[in-house]
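Here are a few short exercises to work through with the model open beside you. Try each task before reading its solution.

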Amino acid sequence: MTPIFKVEGIYTPVVTPMTADFGVNWDALAAVVENLIDKGVHGLISGGSTGENYAQTVDERLQVARFTKDVAKGRLPLVVGTGAMMTPDSIALAKGARDMGADAILLATPPYSVPTERENALNALAIDRAADLPVILYNYPGRMGVHMGEEFLDRVGRSRNFCAIKESSGDINRVHLLARDYPHIQMSCGMDDQALEFFAWGARSWICAGSNFLPDEHIALYRACAVEGNFEKGRRIMSAMMPLMRILEQGGKFIQCVKHGVTMNGIDTGQMRPPLKGLNKDDKRALEQVIRVVKRTISEIENEQPKARG
């Protein structure tokens, strides 16, 4: 069955640059979007946690999404995040996404409430009805408290809109389950340090915050694995990226690292909204060193001449 929305390539959950008084820096946001388009990522996500959605009102999130869409001008698909603690807020975000002409929505489990699979599915279906857009599910039990399990997937499968899932559990058995038992739901990598494994199991996309500041390198891994089927090269690229993945996935300062990485590239993303604080000097120095090595190593891999045969 052909999906109603094809999720292919590198999708970037866009950071939200901030001014000194914690307002949105619109000029910097436009620069981030233009840079991502220029670098060749395949899709944009507005209103994800990387964009600090938890620290923004519904109106702010919709304003950021509309601005992102206006800057992109249809050059890339736009996915709007609908994650929120309260269902009415998620429905408002879904309706806003529909009204602005977004291409799809990203739909997560409401955090903290710990719904049953049935409750979670009914909540997802209500949001789906409000948007009537393609839906990328977002399974992140580490933040939400529960899995989008088999009962959930079977229930939401009654709507054809549920066409993909960002899998961020970190459980490789979930990758096996999705690939074998739910092939009609496109599986997208949402756990950065497992990207190679996702591609090996047939994933065609990677939703990765690190592509905000290292788009070329993330695209290189996608291209090697999903386009060329060259997993030997893919393993080498992934190996080069692993020190960065450890910082992002295990360092506890995920958004801070991503925003500093973008700032390193010449677009000042400013500070985080409270309660988060920026990196200290030692953290910045360590991240900068890792990024330099990642860039150099992957550039060397990409520029190698193919070995002659025979």
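A residue counts as buried when its relative accessible area is under 20%. Keep in mind that this model is predicted.

**Exercise 1.** Decide whether Cys-163 is buried or exposed, and find how many disulfides the structure holds.

*Solution.* Start with the surface: Cys-163 has a relative accessible area of 3%, so this cysteine is buried. Next, look for a sulfur partner. The closest cysteine sulfur belongs to Cys-189 and lies 17 Å from that of Cys-163, which is too far for a bond. Cys-257 is in no disulfide either, as its nearest cysteine sulfur, in Cys-208, is 15 Å away. Cys-257 has a relative accessible area of 5% and is therefore buried. Searching the whole structure gives zero disulfides.

**Exercise 2.** Work out which strands pair with S6, and in which sense.

*Solution.* Take strand S6, residues 162–167, where six of six residues are buried. On one side, five bridges join S6 to S5 (residues 135–139) in parallel; here Asn-139 is partnered with Glu-167. S6 also pairs with S7 (residues 186–189), again parallel, over four bridges, and Ala-164 has Gln-186 as its bridge partner. Finally, trace the connection: S6, helix H7 (residues 172–181) and S7 form a right-handed β-α-β unit.

**Exercise 3.** Place Leu-125 and list which residues it touches beyond four places away in sequence.

*Solution.* Leu-125 sits in helix H4, residues 117–131. Its relative accessibility is 14%, so Leu-125 counts as buried. Its contacts at that sequence separation are Arg-155, Val-156, Ser-159 and Phe-162.

Terms used. Residues numbered from 1 in each chain as written. Predicted model: local features only at pLDDT ≥ 70, side-chain atom pairs only at ≥ 80, totals over all residues. Heavy atoms only, no water. Helix = DSSP H or I, 4+ residues; strand = E, 2+ residues; numbered from the N terminus. Buried < 20%, exposed > 50% of the residue type's maximum accessible area, 1.4 Å probe, protein only. Contact = heavy atoms within 4.5 Å. Disulfide = S-S within 2.5 Å. Pairing = 2+ DSSP bridges. Right-handed = clockwise from strand over helix to strand, strands pointing away.
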